[in-house]
Amino acid sequence: MHDVFINYRTGDDESAAALIDQHLSLRFGSERIFRASKSIEPGEDFAERLVTAIRQCRVLLVVIGPRWLTARGADGRNALDDESDWTRWEILEAFDRGIRVVPVLVGRTTERLARADLPPALAELADCQYRRLDLRNSEADLAQIAAKLSELVPGLVDRTGQEAPKPAATGNTYNSVGNVTGWVVQADVYHNNQSGGIGNVAGNIGTYIDRADGPLHTGSGNQYNNSTHSSGDGVNHVANNKGGIRQRFGDGSEDRR
């Protein structure tokens, strides 16, 4: 049974449809992904295989490139206006049967569909949330599509065990620690609203240790346990301290950034 049906138009980035098929087939198995030029064997009844596949699938991916809206049929009319057009028929059949339809916009310049640009029968397609396949970022985009299909289709198992890449972190990062027993170190930026802390401090304060108990050495140079002796440039030393901080710094001549 084919769980995912790839709908595309010849002459409008069918290579993208083949790329999607290749990636999804690798992840889920070729038998779970239907693409007409791959899945229909020579000599088979083309129309019968299409009808069977579309009615069995769980998700229809509509691959939309820059020429999808303006493609012309053999009679010179807009292909989407032709009721016998297979690309149009597959989409309408999916809607009629309650199959989830996901547009896949190929490239950076392909714009999201607008109802006004579609034949009235296909207007619903403009309301479907889409995915984008940027060929410059195809590996990540394909992985995201595959991950979403795993969520949408029960029983569709990723055989490769790959995970969708996580988006890069942007903006500021904030760390917080609460109810910790032991030593806690926060470097560079420290925010604290708790009583007994240093209170709403932000900036390059280096290393801050609150209520340290036991010997601690965060700089360079010598340290002798069970004593207060330490040496070296930029040494922070705490020994057997409860509730307070003692810091010892060198001449500060070195630029540390």
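There are zero disulfides in this structure. The model is a predicted one, and the points below walk you through its cysteines, helix α3 and an unusual-looking spot at D13.

**Cysteines**
- A disulfide is a covalent bond that joins the sulfur atoms of two cysteines.
- The structure has none of these bonds, so it is worth a glance at where two of its cysteines sit: C57 counts as buried because its relative accessibility is 6%.
- C128 also falls under the 20% limit for buried residues, with a relative accessibility of 14%.

**Helix α3**
- Helix α3 spans residues 46-56, and its buried residues are R49, L50, A53 and I54.
- Why do these residues lie on the same side of α3? Around the helix axis they cover an arc of only 120°, and that places them together on one side.
- Which elements help to cover the buried residues of α3? Among them are the strands β1 (4-7), β2 (33-34) and β3 (59-64), along with the helices α2 (36-39) and α4 (86-96).
- At the N-terminal end of α3, D45 acts as the cap: one of its side-chain oxygens is 3.2 Å from the backbone nitrogen of A47.

**The loop residue D13**
- Look for D13 in the loop that runs between β1 and α1 (14-28).
- D13 is not a glycine, yet its phi is positive, at about 55°.
- Is D13 buried or exposed? Its relative accessibility is 17%, which is under the 20% cut-off, so D13 counts as buried.

Definitions and conventions. Residues are numbered from 1 along each chain as its sequence is written. This is a predicted model: local features need pLDDT of at least 70, side-chain atom pairs count only at pLDDT 80 or more; totals for chains, interfaces and linings use all residues. Side-chain values use heavy atoms; hydrogens and water are left out. Buried means under 20% relative accessible area, exposed over 50%, partly exposed in between (1.4 Å probe, protein chains only). Helices (H or I, at least four residues) and strands (E, at least two) are DSSP runs, numbered from the N terminus. The arc is that of the directions from the helix axis to the C-beta atoms. Contact means heavy atoms within 4.5 Å. A polar contact is a pair of N or O atoms within 3.5 Å; within protein, one must be able to donate a hydrogen and the other to accept it, and residues adjacent in sequence count only if both atoms are side-chain atoms. A disulfide is a pair of cysteine sulfur atoms within 2.5 Å.
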